[in-house]
Amino acid sequence: MIARHENSPSRVFIMAAMLAFAAALIGSCSLSSQSVSTPANRYALVIGVQDYPDYNGDNSNDLSYPDDDADDMATLLSAQGWTVKKRLISSSDASIDKDGSPTYSNIKEAIADLSTESDATILVYYSGHGNSEDNTAYIIPYDGLTTSGTGYDIAKWITPATLSSWMEAVPAKNRVLILDSCYSGGFIASANAVDTTPADYSQAQGTTAETGLLLAALSDFNGLLAANLTSLGERDMVALSASGSEEVSWDDGTSGHGAFTNYLLKAAESGDADGDGYVTVAEAYAYAKANIKKNWNPEYKYYYGSTRNEWDFLPHISGGTGDIALYAPGS
């Protein structure tokens with residue numbers, strides 16, 4: 001089984017039929033932006049996998065919006081002072097700039113080339129299919145799916161351990177990972193992570209678990225991000241995911257983006273919770289989570305005519321020892 005998001009509700013594949021669905025998130029919280037890091041040397045790699053190899057001539061693996069997700073995110077990051085070193089985009093739209101196909105090897109090489117500076121901040125953004133197999137999360141590059149045989153090459157799927165090792169090998173002071181894909185919460189779970197959202201949010205609604213997570217969401221997320229400092233003694237990677245490790249993510253046909261990415265893009269103008277002129281990673285997360293919870297999940301409750309929708313989802317955040325400016329003027 002594979003997953004991410006589609007113009008249908010979810011970014012998920014049923015591998016037997018190789019069907020694709022959709023992507024995004026939800027939320028609510030307030031926070032402080034103490035210790036914001038805003039270095040001038042900020043480097044980003046932006047990846048969008050929309051068109052996958054056609055399985056036996058069937059293009060049902062393709063998604064609708066990852067190319068637009070990646071292209072618009074790259075444009076926004078550039079405008080906000082980041083140097084976008086690569087945009088690896090697979091798309092049928094020839095007008096979208098590409099620096100290469102988002103294959104396993106190209107992604108690995110592009111991450112390695114992000115920085116040679118020990119005080120740099122690096123960011124990797126991915127929009128495309130994700131999957132969960134045997135309690136392991138994956139993101140699926142272009143060559144992770146094939147045109148024949150089983151229809152996939154799991155050796156090309158990227159695990160949390162693999163992606164983390166690639167990013168940790170890059171000289172940098174700060175590392176940010178943003179994933180708009182199904183089951184992407186599996187990429188931020190670690191011994192050092194603090195995560196207030198259940199892996200499957202839909203199962204927690206109306207329970208004491210939901211009450212607890214909402215109270216936690218009102219806490220200071222700068223403190224949450226710093227919670228691993230005593231155990232690590234150094235900066236950990238800050239990670240945002242569109243959905244939990246047991247959840248699919250969704251596309252928003254109205255905006256033409258993944259639901260999570262749609263609100264991350266809007267956060268640049270509307271996500272500055274404390275009015276200091278910067279939108280931090282935590283503030284962007286809080287804005288996206290609040291709007292998915294308020295605007296996205298209720299639409300599906302209405303559609304299915306129920307008080308709880310099994311497809312409800314929330315984004316996740318973990319890692320780090322301080323907040324980082326996601327959207328800020330270059331300096």
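Contact here means heavy atoms within 4.5 Å. The model is a predicted one, so local features need pLDDT of at least 70 and side-chain atom pairs count only at pLDDT 80 or more, while totals for chains, interfaces and linings use all residues. Residues are numbered from 1 along each chain as its sequence is written, and side-chain values use heavy atoms, with hydrogens and water left out.

By that yardstick, L123 touches Y43, A44, L45, L77, W82, L114, V176, I178 and L326, leaving aside residues up to four places away in sequence. L123 is also among the residues with the most contacts inside the largest nonpolar core, which has 43 residues. A nonpolar core is a set of buried Ala, Val, Leu, Ile, Met, Phe, Trp, Tyr and Cys residues joined through side-chain atoms within 4.5 Å, and buried means under 20% relative accessible area (1.4 Å probe, protein chains only). Helix α8 (residues 281–304) supplies the largest share of this core, eight residues; helices are DSSP runs of H or I with at least four residues, strands runs of E with at least two, numbered from the N terminus. A second, separate core of 32 residues includes I139, I158, L179 and M237.

As for the sheet, six strands line up as β4-β3-β5-β8-β9-β13 in an open arrangement with mixed pairing. Two strands pair if DSSP finds at least two bridges between them. At the edges sit β4 (83–90) and β13 (316–318), each pairing on one side only. Strand β3 (residues 42–49) pairs with β4 in the parallel sense over seven bridges, and Y43 stands opposite T83 in β4.

Definitions and conventions
Buried means under 20% relative accessible area, exposed over 50%, partly exposed in between (1.4 Å probe, protein chains only).
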